[in-house]
Amino acid sequence: MQKSNHRRSIRLSTFDYAQSAAYFLTICTDNRRPLLGRIVDGAFVESELGRIVRENWVSISTFHPDVWVDEFVVMPNHLHGILIFGRKPHPHVQLNQYQSVKPGSLPSIMRSFKACVTKQAKTVDLALESLWQRSYYEHILRSDKALAQAREYIVNNPLKWELDKLEPVRFTEDE
């Protein structure tokens with residue numbers, strides 16, 4: 001039996017990922033290898049690749065001025081971050097026959113981020129067969145309380161490294 005390469009999307013099919021919203025994201029390295037650095041006494045010490053990841057994450061707002069890079073943390077094998085989109089969706093964006101991702105949307109930004117990091121890693125002789133795990137985890141933060149919980153989770157993440165199992169994070173959605 002041939003294995004299918006198609007995976008079911010976890011994205012909400014009716015949600016416009018280019019609209020104003022706050023998103024909690026987790027992006028993992030391939031096979032969760034600790035390529036980005038290490039934790040020493042509860043603090044993250046970045047590798048060269050970790051530096052590249054951090055610099056590219058911070059620069060997202062440079063290339064997408066309507067996207068705010070909020071709290072984030074780079075960990076040995078993943079990144080947790082919050083991106084806040086401050087614009088209204090563009091209802092008349094035309095996709096050509098080869099595109100399936102709306103320009104300026106969360107999937108488009110994540111694809112660009114991963115591609116830029118991978119390209120830069122290759123230019124500094126960090127020869128990796130595969131850097132990123134396929135896709136990423138996202139959670140739409142629908143309340144100020146959920147946003148505050150996500151920020152606290154990110155800030156405390158290095159202290160909880162030994163307990164980290166990369167389980168999906170749940171944040172309270174009621175005000």
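Here is a short exchange about the predicted model shown above.

Colleague: Happy to look at this with you; what is the pattern of helices and strands along the sequence?

Modeller: This is a predicted model, where local features need pLDDT of at least 70, side-chain atom pairs count only at pLDDT 80 or more, and totals for chains, interfaces and linings use all residues. Residues are numbered from 1 along each chain as its sequence is written, and side-chain values use heavy atoms, with hydrogens and water left out. Helices (H or I, at least four residues) and strands (E, at least two) are DSSP runs, numbered from the N terminus. There are four helices and six strands, and their pattern reads β-β-β-α-α-β-β-α-β-α.

Colleague: Thanks! At what angle do helix H1 and helix H3 pack?

Modeller: H1 covers residues 48-58 and H3 residues 106-123. Axes are lines fitted to C-alpha atoms, for helices over the stretch in contact (heavy atoms within 4.5 Å), and angles run from 0 to 180 degrees between N-to-C directions. The two axes lie 10 Å apart, at an angle of about 145°.

Colleague: And how many disulfides does the count come to?

Modeller: A disulfide is a covalent bond between the sulfur atoms of two cysteines. Here it is taken as a pair of cysteine sulfur atoms within 2.5 Å. By this rule the count is zero.

Colleague: Nice; is Cys28 buried or exposed?

Modeller: Buried means under 20% relative accessible area, exposed over 50%, and partly exposed in between (1.4 Å probe, protein chains only). Because Cys28 has a relative accessible area of 5%, this residue counts as buried.
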